[in-house]
Amino acid sequence: MSLGELVSCPVEPEFDPLAPEFLADPFAVMHSLPLADRPVFYAPAIDYYVVTRFRDIESIFSDRDGYSAAAAQLPLVELDARARQILLDGGHRPQPSMVSLDEPEHARLRRPTARAFSARRTAEMEPRIRVILEQLLDAIDPAAPFDLVSTLTFPLPATVVFSFIGVPESDYPQLKQWSGYRAKLAWGRPAAEEQVEHALNMTAYRRYLRELVAAKAADRGDDFTSALLAIHDEQPDQLTHEEIASILFSLSFAGHDTTNYLIGNALRRLLEVPPRWEEIVADPALIPGAIEETLRYDPSVPVWRRLTKRPVTIAGFDVPEGAKLFLWLAAAGRDPTVFPDPDRFDMRRDNTRHHLAFGKGIHFCIGSALGKLEARLALEALTTRFPDLQLVPAQELTFHPNISFRGPQALWATAGRRLTFS
């Protein structure tokens with residue numbers, strides 16, 4: 001008997017966030033569900049309780065006594081025994097980073113991370129980001145259609161976060177590849193043989209980061225890893241080399257894919273309605289609002305997860321202890337009780353910054369300022385360089401098959417007049 005049959009919570013047997021129709025348009029699926037009357041439901045396809053209302057998700061994020069972060073990075077499907085053993089032998093534990101740790105262990109790692117990830121260090125990245133942007137835009141041939149993802153939204157945050165950490169430039173392609181394997185293993189539905197391949201890559205990823213920490217310990221630089229090592233020097237028992245490698249494991253992924261998808265989603269939403277793009281070209285002061293509205297309207301992290309530590313009641317429905325929660329952040333961003341006319345993209349919306357795209361409470365995204373800085377600078381550079389940017393019409397967008405990170409895998413555009421076809 002499933003958890004959904006044991007309690008009074010509604011069941012949606014057809015809800016599957018990895019189904020082709022959901023991956024193509026989760027908002028259409030969202031609108032087909034009676035969320036006003038059933039804001040919480042059990043989805044047997046994934047064995048999760050889906051929570052959709054803004055206030056409920058906000059409360060869950062803030063309630064450390066009732067909910068655990070342990071589910072944040074659990075594989076969505078039961079891992080094959082071979083893959084599980086490969087991960088364990090390679091030192092990949094079920095709770096590999098801060099986002100899946102509860103107090104007090106979370107605070108013990110977050111304090112030095114926040115100290116090393118200072119506002120000063122983030123601000124000092126701006127000139128470097130501008131240089132990277134100029135190089136990427138210079139490489140685009142404006143005379144032909146180009147893919148905004150492969151030319152800009154993917155390489156920009158990858159280069160920024162890897163250089164921020166202190167990864168040698170020659171290793172960037174390898175870390176990009178490992179990030180893709182990680183997304184499939186933790187947030188997708190890979191078959192057994194795929195799991196083995198992904199697990200082998202995860203252990204290699206982990207090993208690389210341990211070796212990077214060891215190399216930086218012997219030869220410090222002006223980078224995030226070296227800053228963490230300086231904190232380790234003060235109190236070696238409070239922040240070990242292994243824990244520094246764990247922090248890097250989290251940041252090297254989260255600081256890359258989420259920002260890639262944020263910029264991609266912002267460009268899609270601005271360009272799909274040409275007057276929106278024309279507005280920010282004419283008034284770049286609208287760009288910060290456009291970024292915040294994208295995070296509400298089409299977040300790059302549409303789902304996060306929690307685990308109940310005791311029986312709870314959510315939106316009037318009983319949920320048992322040990323239940324896995326699918327916090328549908330994208331639905332929270334379309335909650336009409338918080339955001340009037342929620343299906344309208346409005347760069348001037350008064351309360352758009354109240355979204356939950358970066359989480360809330362003790363696990364609020366530590367790199368949010370850097371991600372928004374990259375997105376702002378990217379949009380400023382594009383509106384200046386390509387003010388007549390247009391999407392190639394009739395292109396079919398595709399999305400990576402996972403539950404937690406979403407943005408177009410390709411977004412084709414032209415620098416001049418809109419393409420026409422005879």
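**Exercise 1. Is Glu380 buried, partly exposed or exposed?**

Solution. This is a predicted model, so every value here is computed from it.
- Step 1. Take the accessibility. Glu380 has 23% relative accessibility.
- Step 2. Apply the cut-offs. Buried means under 20%, and exposed means over 50%.
- Step 3. Conclude. Glu380 counts as partly exposed because its value is 23%.
- Step 4. Look for a partner. The side chain of Glu380 meets that of Arg376 in a salt bridge, 3.0 Å from N to O.
- Step 5. Place the pair. Both residues lie in helix H18. They are 4 residues apart, about one turn of the helix.
- Step 6. Check the partner. Arg376 is partly exposed, with a relative accessible area of 23%.

**Exercise 2. Work out how Arg130 and Glu126 are placed to pair.**

Solution.
- Step 1. Start with the general idea. Side chains of opposite charge can pair when their charged atoms come close.
- Step 2. Check the distance. The salt bridge between Arg130 and Glu126 spans 2.8 Å, N to O.
- Step 3. Find the element. Both residues belong to helix H8, residues 126–138.
- Step 4. Count along the chain. The two are 4 residues apart, so about one helical turn separates them.
- Step 5. Check exposure. Arg130 is partly exposed at 40% relative accessible area. Glu126 is partly exposed too, at 23%.

**Exercise 3. Which parts of the chain does the salt bridge between Glu279 and Arg348 link?**

Solution.
- Step 1. Confirm the bridge. The closest N and O atoms of Glu279 and Arg348 are 2.7 Å apart.
- Step 2. Locate each end. Glu279 sits in helix H15, residues 274–282. Arg348 sits in the loop between helix H17 (329–332) and helix H18 (368–385).
- Step 3. Take the separation. The residues are 69 positions apart, and the pair links distant parts of the chain.
- Step 4. Add the exposure. Glu279 is partly exposed, at 29% relative accessible area.
- Step 5. Widen the view. The structure holds 37 salt bridges. Arg268, Arg269, Glu272, Arg276, Asp298 and Arg406 are linked in a network of them.

**Exercise 4. Show how the buried residues of H15 are arranged around its axis.**

Solution.
- Step 1. List them. Arg276, Trp277 and Ile280 are buried in H15.
- Step 2. Look down the axis. These residues fall within an arc of 95 degrees, so they line one face of the helix.
- Step 3. Find what they pack against. The neighbours are helix H14 (241–271), helix H16 (287–297) and H18.
- Step 4. Pick out Arg276. Arg276 is buried in H15. Arg276 also belongs to the salt-bridge network.

**Exercise 5. Describe the surroundings of Leu156.**

Solution.
- Step 1. Place it. Leu156 lies in helix H10, residues 155–165.
- Step 2. Check its accessibility. Leu156 is buried because its relative accessible area is 0%.
- Step 3. List contacts. Leaving out residues up to four places away in sequence, Leu156 touches Ile129, Ile132, Leu133, Leu136, Ile263, Glu374 and Ala378.
- Step 4. Set a longer distance beside this. The C-alpha atoms of Leu156 and Thr52 are separated by 32 Å. Those residues are 104 apart along the chain.

**Exercise 6. Trace the strand pairing, starting from S1 and S2.**

Solution.
- Step 1. Read S1. Its residues are 40–43, and both faces of the strand are covered. Val40 and Tyr42 are buried on one side, Phe41 and Ala43 on the other.
- Step 2. Pair S1. S1 and strand S2 (residues 48–51) run antiparallel over 4 bridges. Phe41 has Val50 as its bridge partner in S2.
- Step 3. Inspect the turn. The hairpin has 4 residues between its strands. Asp47 takes a positive phi near 60 degrees there.
- Step 4. Move to the open sheet. Its 3 strands follow the order S4-S10-S9, with antiparallel pairing. The edge strands are S4 (146–147) and S9 (390–391), each pairing on one side only.
- Step 5. Zoom in. S9 and S10 (residues 412–414) are joined by 2 bridges. Leu391 stands opposite Ala413 in S10.

**Exercise 7. Test the chain against the rule for a compact globule.**

Solution.
- Step 1. Take the expected value. With 422 residues, a compact globule would have a radius of gyration near 22 Å.
- Step 2. Compare. The chain has 21 Å, which agrees.
- Step 3. Add the box. The C-alpha atoms fill roughly 60 × 60 × 40 Å along the principal axes.
- Step 4. Add burial. Buried residues make up 57% of the 422 residues.

How values were computed
Residues numbered from 1 in each chain as written. Predicted model: local features only at pLDDT ≥ 70, side-chain atom pairs only at ≥ 80, totals over all residues. Heavy atoms only, no water. Buried < 20%, exposed > 50% of the residue type's maximum accessible area, 1.4 Å probe, protein only. Contact = heavy atoms within 4.5 Å. Salt bridge = Lys/Arg side-chain N within 4 Å of Asp/Glu carboxyl O. Arc of directions from axis to C-beta. Rg over C-alpha atoms; globule rule 2.2 N^0.38 Å. Pairing = 2+ DSSP bridges.
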